[in-house]
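This report describes how strands, nonpolar cores and aromatic rings are arranged in one protein chain. Please keep the sequence and the structure in view while reading.

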Amino acid sequence: MLIAGFPAGAWGTNCYVVAPAAGEECVVIDPGHRATQGVEDTLAKHRLKPVAVILSHGHIDHVASVVPVCGAHDVPAWIHPADRYMLDDPEKALGASIGQQLMGELTVGEPDDLRELSDGAGLALAGLEFSVAHAPGHTKGSVTFRLPEGTDIPSVLFSGDLLFAGSVGRTDLPGGSTAELYESLARVCLPLDDSTVVLSGHGPQTTIGRERAANPYLGEAARGHGTGEPAPRRGL
């Protein structure tokens, strides 16, 4: 399997391009702020043809380049229905104090072909099978994407802004919920094998085992009494 990732834009949001191998079809995950050139460079380097864009949630730092990427390659995008409104109205999703700072440089809106994700769905794209899990908390429509273990690779979880190395997503923006975040951590992340590789929306890769042992928020979720507002801030 080929997974190529790069941080993009003002918030260093991780965009991932995933394919069975070089020279094949691929899926683009979270083409965010100023990610278009990075996507094109990655496609050219590995001789890849995108067939879809999938979005972990609707914040502008994860979706700002979805329209140009989809338009350039005539491919659909997928998002959870609870976050669909953010594509047209990012200011409403972020609050006026953040949203107004961004609106002058952004082209907002939906791509021509936009489809909706649902919890437990399987997305068969580019010869890969992504399992979708609804994981609200950071936003109402946050999801994760998981690829199963293969003969030569462990399972991979694209966690969006649910789980980071040593941290979790913020819950202080519109639609955020600390209680839902901890519930999502317990339901989506804790049952996974320790060997599962976690590729987050921000920061370095990690594993479920490493986070189970050292991430205080995942520890709180495991004990069933996480209530504290996540303090670290990564991205939006």
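## Aromatic residues

Y16, F130 and F158 make up one aromatic cluster. The model is a predicted one. Two aromatic pairs are found when the whole structure is searched. One of them joins F130 and F158 in a tilted arrangement, with 6.5 Å from centre to centre and 50° between the planes. This pair links distant parts of the chain, for F130 lies in strand β8 and F158 in strand β10, 28 residues apart. Two values are quoted because a pair of aromatic rings is described by the distance of the centres and the angle of the planes.

Are F130 and F158 buried or exposed? F130 has a relative accessible area of 0% and is therefore buried. F158 has a relative accessible area of 2%, so F158 is buried as well. The cut-off behind this reasoning is that a buried residue has under 20% relative accessible area.

## The six-stranded sheet

An open sheet of six strands runs in the order β7-β8-β9-β10-β13-β14, and its pairing is mixed. Which strands form the edges of this sheet? The edge strands are β7 (122-125) and β14 (206-207), each of which pairs on one side only.

Strands β7 and β8 are antiparallel to each other and pair over four bridges. Here L125 has L128, in β8, as its bridge partner. The next pairing in this order, between β8 (residues 128-134) and β9, is antiparallel and has four bridges. In β9, V143 stands opposite H134.

## Strand β9 and residue L147

Strand β9 spans residues 143-147 and is mostly covered, with four of its five residues buried. Besides its pairing with β8, described above, strand β9 pairs with β10 (residues 156-160) in the antiparallel sense over three bridges. In that pairing, R146 stands opposite L157 of β10.

L147 belongs to strand β9. Its relative accessibility is 2%, and L147 therefore counts as buried. Which residues does L147 touch, leaving out those up to four places away in sequence? They are M1, V18, L128, E129, F130, S155, V156 and F158. The list thus includes F130 and F158, both of which also belong to the aromatic cluster. In addition, the C-alpha atoms of L147 and L157 are separated by 6.5 Å, although these residues are 10 residues apart along the chain.

## The nonpolar cores

The largest nonpolar core holds 29 residues, and V39, L48, V53 and V66 touch the most other members. At least two residues of this core come from each of β1 (2-8), β2 (13-19), β3 (25-29), α1 (36-46), α2 (60-63), α3 (66-73) and β5 (77-79). Strand β1 provides the largest share, namely four residues.

L48 offers a detailed view of its surroundings. Apart from neighbours within four places in sequence, L48 is in contact with L2, V17, A19, A21, A22, G23, E24, C26, T42 and L43. There is also a second, separate core of 21 residues, and among its members are Y16, I29, L123 and L147. Two of these residues have appeared already: Y16 in the aromatic cluster and L147 in strand β9.

How values were computed: Residues numbered from 1 in each chain as written. Predicted model: local features only at pLDDT ≥ 70, side-chain atom pairs only at ≥ 80, totals over all residues. Heavy atoms only, no water. Buried < 20%, exposed > 50% of the residue type's maximum accessible area, 1.4 Å probe, protein only. Pairing = 2+ DSSP bridges. Core = buried A, V, L, I, M, F, W, Y, C linked by side-chain atoms within 4.5 Å. Contact = heavy atoms within 4.5 Å. Phe/Tyr/Trp six-rings, centres within 6.5 Å; stacked < 30°, edge-to-face > 60°.
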